[in-house]
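Student: Please pick one part of this protein and take a close look at it with me. I would like to follow the side chains step by step.

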Amino acid sequence: MASRKAGTRSKAAAKRAQRGSSNVFSMFEQSQIQEFKEAFSCIDQNRDGIITKSDLKETYSQLGKLNMKDEELDEMLKEGKGPINFTVFLALFGEKLNGTDPEESILNAFKLFDPSGTGHVNKDEFKQLLLTQADKFTPEEVEQMFTVTPIDVAGNIDYKSLCYIITHGDEKED
């Protein structure tokens, strides 16, 4: 009886795992999944089905970046919250690609800091908020963001244009 229950439990766990992973695969078209599989295979240098720190280090080395710090690689691997197999790899890309709020939601958040409705927020005030509130940005992240942020000569951010860049990308990146 106990062995039959154990068998039932493992079948149920297998079905849950299958459902969980099948949701990841439904996020992409078959051709996209194939491209991700090819990318995963390129990164998985030792072909064991798991992306490890040594796999990442070797991949970066092949791309010409020889000085990757272990801390940076560890941070990348932490995003997987465990071993990064192909399903986890796909889920990470799904989160990254689908993780942006709709443009209207971002605009509404900016409008909270623009009570007069000018379409602008002060760069210095905004920078202070990013560095000190909620999900704090690092100074480097703020500076990186400001490289693509439309800022006028008075030091004001055109947040409508910034929202477009956040949701659609920056045409200068191409």
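Tutor: Start at Phe-110, which is buried, with a relative accessible area of 7%. Buried means under 20%, exposed means over 50%, and partly exposed lies in between (1.4 Å probe, protein chains only). Phe-126 is also buried, at 9% relative accessibility. Across the protein, buried residues make up 23% of the 174 residues.

Two notes come before we go on. Residues are numbered from 1 along each chain as its sequence is written, and side-chain values use heavy atoms, without hydrogens or water. The model is predicted, so local features need pLDDT of at least 70 and side-chain atom pairs 80 or more, while totals for chains, interfaces and linings use all residues.

Now the layout. The protein has nine helices and two strands. These are DSSP runs numbered from the N terminus: helices (H or I) of at least four residues, strands (E) of at least two. Along the sequence, the pattern reads α-α-α-α-α-α-β-α-α-β-α.

Next, the rings. A search of the whole structure finds eight aromatic pairs. Rings of Phe, Tyr and Trp (its six-membered ring) pair if their centres lie within 6.5 Å; planes under 30 degrees apart are stacked, over 60 edge-to-face, the rest tilted. Phe-36 and Phe-93 form one tilted pair, 4.9 Å centre to centre, with 45 degrees between the planes. Phe-36 sits in helix H2 (residues 30-43) and Phe-93 in helix H5 (residues 86-98), so this pair ties together parts that are 57 residues apart in sequence. Phe-36 is buried, at 13% relative accessibility. Phe-93 is partly exposed, at 33%. The rings of Phe-110 and Phe-126 have centres 5.2 Å apart and planes at 40 degrees, so they too make a tilted pair. This pair links distant parts of the chain: Phe-110 is in helix H6 (residues 103-111) and Phe-126 is in helix H7 (residues 123-132), 16 residues apart.

Which residues form one aromatic cluster? They are Phe-25, Phe-36, Phe-40, Phe-86, Phe-89 and Phe-93. So you meet Phe-36 and Phe-93 again in this cluster.

Turn to helices H3 and H4. Helix H3 covers residues 53-62, and helix H4 covers residues 70-78. They pack at an angle of about 120 degrees, with their axes 10 Å apart. Axes are lines fitted to C-alpha atoms, for helices over the stretch in contact, and angles run from 0 to 180 degrees between N-to-C directions. On the H3 side, Lys-53, Leu-56, Lys-57 and Tyr-60 make the contact (heavy atoms within 4.5 Å). On the H4 side, they meet Asp-70, Leu-73, Asp-74, Met-76 and Leu-77.

Charged side chains pair up here. The whole structure holds four salt bridges. Each needs a side-chain nitrogen of Lys or Arg within 4 Å of a carboxyl oxygen of Asp or Glu. Asp-74 forms one with Lys-53, and the closest N and O atoms are 3.0 Å apart. Asp-74 lies in helix H4 and Lys-53 in helix H3, so the pair ties together parts that are 21 residues apart in sequence. Asp-74 is partly exposed, at 30%. Lys-53 is partly exposed as well, at 29%.

Another salt bridge joins Lys-57 and Asp-70, with the closest N and O atoms 2.9 Å apart. Lys-57 is in helix H3 and Asp-70 in helix H4, 13 residues apart, so to speak of this pair is to speak of distant parts of the chain being linked. Lys-57 is partly exposed at 37%, and Asp-70 is partly exposed at 32%.

Within H4, Lys-78 and Glu-75 meet in a salt bridge (3.0 Å, N to O). Both lie in helix H4, three residues apart, about one turn of the helix. Lys-78 is exposed at 54%, whereas Glu-75 is partly exposed at 47%.

Finish in the loops. Most residues other than glycine have a negative phi. Arg-47 is not a glycine, yet its phi is positive, about 55 degrees. Arg-47 is placed in the loop between H2 and H3. Arg-47 is exposed, at 57%. Lys-81 also has a positive phi, near 50 degrees. Look for Lys-81 in the loop between H4 and H5. Lys-81 is exposed, at 75% relative accessibility.
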